Structures are given as C-alpha cells and as structure tokens.
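Here is a friendly walk through one protein model, for anyone meeting it for the first time. Have a look at the picture below, then read on.

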Amino acid sequence: MSSSADAPRARAPHGAAAYDGLAASALAERLGIPAVLLFDQVGSTLDVAHRVAPDAASGTLVLADEQTAGRGRQGRRWTSAPGAGIWLTLVERPTDGRALDVLSLRCGLYAAEALDALAEAPIGVKWPNDLYVGDRKLAGILIETRWRGTAPDWVAIGFGLNVVAPDVATGVGLRPGVSRVAALDLLVPALRRAAATSGHLGDDELARWNARDIAVQGIVTSPAAGRAAGISSQGELLIRDAAGALTRHRTGSLTFAAPSAYSCS
C-alpha cells in the first residue's frame, strides 16, 4: 500500500505511486513483506521510518525514487538522484541486543553476497558500513535503533545503493541493464536475514567478511595509524600499530594512507 505519512514532502511526477511500474502492494507481495511505503520524493527514508516504525510491522519497507536529504554516518550526505538507485529503509524488530553490535557489518556482508551476481566485479566490504567495487563506493548503510528500556524496540536499516553509476569519480553502479526491482529481489531478503540473525559474528561470517574486506593488510591513518588486521566477532576494527600492538576500535571512520592501493579481489 502507499502512504500519506510524508505527504507534505511527497510528489508524484510520474503519476500514481509506483516503483518502476509496480504498485506498493504488488511490490510487497513480490518481496514477501507486510508493507511497502512508496514515495516519489522524500527528504530521507530514515525520517519516514522513524515516524511509522512505532506502529509498523517488522519487515515494513520505506522506498523512495529520490531523496533530497539522504544521510550517512557522521552527518555526511548521500546523493540520491531520481531513478538512479535504491534508497530504502527497512523496519525490523530484533529481540537480541547483542546482534545490534554487528548489524551494520552483517547487513553489509549479506548484501554484498546477494548483489554479487549483479555487479561487474566482486563486491567488497569496508568497515563499518560501506560496499565497494574495486576502489569505488557502491552502497552505504546507516542503522538507527530505538530502545524500550534495555531492550531494542525497533531498528531502521537505511540502505543506499547506486544502481546506475553516479556522476562522481568515487562512485560505481551495478552492471549496466540491471533493474532496481531485480536488485530489490536480492537485497531485501538479504537484509532481513541479517536482521534476524542473533549474536555476534560467527567464525563463518568472519571468514566471509575477511574474504571481501578491502582494508585487510592496508595501511590506514584513522581511527588509528597502522595496518588493518580485520574485525573482531564483536564488530571492532582491528589495527596493528608500528610496534606490533593490536588495537580495537568500535567507532570512527576508516581512512587509508593510500586509497589507490586497495581493491577487492
């Protein structure tokens, strides 16, 4: 179904609310989820999710053709041009608070694995919330949680994916000709699996992450100087400093000393 929750900012330049020809109800049935809230334009799908989440069923998807104020971590802006990508927020109701420690990483890993078939090269992951193809950014994740006491009430999983390569040298899209609906068919179930998985990262997940980690063994300058050494099961970034000591980092941004020196194999 479509929603009027963001009506003051929504517009419909292409006629009735639809996404690449599919009505919200048809898209929800196709993806096997309880509801899709479709918008031609919003400020941010995360903002809409915050308004509807208190009464929304787990698996509710907010999807926009365009965002005018899409956001990433630490206040960064995510360019969300009309028709060029998938700009979504998925509302889930996890019960395991420990899993939230690694949810961004788990979503990134599962999404990379699911979307590999639609990319021109293997998709890499970058701590804590980015997907890359080679040295160019394909997607970003931003997760926001609301708590009820000490337990999570709901979580909003924001995901921005370039389907068409953006007009910036640092961005990349999926393989030419891939449709947004085809990408959603793979992406949404992957995000839902990630949200439903409990606990910290298991050994198998760590091995799969390491196989895609674009930073591993790379020289980094932040959140600390040293050589990237993977991640922990709790989602910490591991960096080995010049003296050989291993440091653990739960917050911050990963910055390379020589960005051109890394790639996903």
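## Salt bridges

Counting pairs of opposite charge gives 13 salt bridges here. Keep in mind that this is a predicted model. As background, side chains of opposite charge can pair up when their charged atoms come close.

Let's start with Arg-180 and Asp-20, a salt bridge whose closest N and O atoms sit 2.6 Å apart. This pair links distant parts of the chain: Arg-180 belongs to helix H4 (residues 180-196), while Asp-20 is in the segment before helix H1 (24-31), and their positions lie 160 residues apart. How much of Arg-180 is accessible? Its relative accessible area is 6%, so Arg-180 counts as buried. Asp-20, on the other hand, is partly exposed, with 44% relative accessibility. There's a third member to meet as well, since Asp-20, Asp-65 and Arg-180 are linked in a network of salt bridges.

## Two more long-range pairs

Helix H4 turns up again with Arg-192, which forms a salt bridge with Glu-92; the closest N and O atoms are 2.6 Å apart. Here too, distant parts of the chain are linked, as Arg-192 is in helix H4 and Glu-92 is in strand S3 (residues 85-92), 100 residues apart. Arg-192 is partly exposed at 25% relative accessible area, whereas Glu-92 is buried at 5%.

Next along the chain from Glu-92 comes another pair to look for: Arg-93 meets Asp-153 in a salt bridge, with 3.3 Å from N to O. Arg-93 lies in the loop between S3 and helix H3 (103-115) and Asp-153 in strand S7 (residues 151-162), so this pair ties together parts that are 60 residues apart in sequence. Arg-93 is partly exposed, at 28% relative accessibility.

## The nonpolar cores

Which residues have the most contacts inside the largest nonpolar core? They are Ile-86, Phe-159 and Leu-161, in a core of 65 residues. Apart from that core lies another one, made of 14 residues, including Phe-39, Val-62, Ala-64 and Trp-154.

## Helix H2, tucked inside

Is helix H2 (residues 45-52) largely enclosed or largely open? Six of its eight residues are buried, so the rest of the structure largely encloses H2. The buried ones are Thr-45, Leu-46, Val-48, Ala-49, His-50 and Val-52.

What do these buried residues pack against? The list is all strands: S1 (36-42), S2 (60-67), S3, S6 (136-148) and S7. At the N-terminal end of H2, Ser-44 acts as a cap, with a side-chain oxygen 3.1 Å from the backbone nitrogen of Leu-46.

## An open sheet of five strands

Further along the chain, five strands make an open sheet, in the order S11-S10-S9-S8-S12, with antiparallel pairing. The edges are strand S11 (246-249) and strand S12 (255-256), and each of these pairs on one side only.

To see one of the pairings up close, look at strand S10 (residues 237-240) and S11: they run antiparallel and are joined by four bridges. Leu-237 stands opposite His-249 in S11.

## Loops and backbone details

Thr-150 is in the loop between S6 and S7, and at 80% relative accessibility Thr-150 is exposed. Compare Thr-150 with Gly-97: they are 53 residues apart in sequence, and their C-alpha atoms are 8.4 Å apart in space.

Two prolines deserve a look. The peptide bond from Trp-127 to Pro-128 is cis, with omega near 0 degrees, and Pro-128 is in the loop between strand S4 (123-126) and strand S5 (130-133). Ser-222 and Pro-223 are also joined by a cis peptide bond, with omega about 10 degrees; Pro-223 is in the loop between strand S8 (219-222) and strand S9 (226-231).

Finally, back to Asp-20, which has a positive phi of about 50 degrees although it is not a glycine. Gln-217, not a glycine either, has a positive phi of about 70 degrees. You'll find Gln-217 in the loop between helix H5 (203-212) and S8, where its relative accessibility of 49% makes Gln-217 partly exposed.

Conventions:
Residues numbered from 1 in each chain as written. Heavy atoms only, no water. Salt bridge = Lys/Arg side-chain N within 4 Å of Asp/Glu carboxyl O. Helix = DSSP H or I, 4+ residues; strand = E, 2+ residues; numbered from the N terminus. Buried < 20%, exposed > 50% of the residue type's maximum accessible area, 1.4 Å probe, protein only. Core = buried A, V, L, I, M, F, W, Y, C linked by side-chain atoms within 4.5 Å. Contact = heavy atoms within 4.5 Å. Polar contact = N/O pair within 3.5 Å; in protein donor to acceptor, adjacent residues only side chain to side chain. Pairing = 2+ DSSP bridges.
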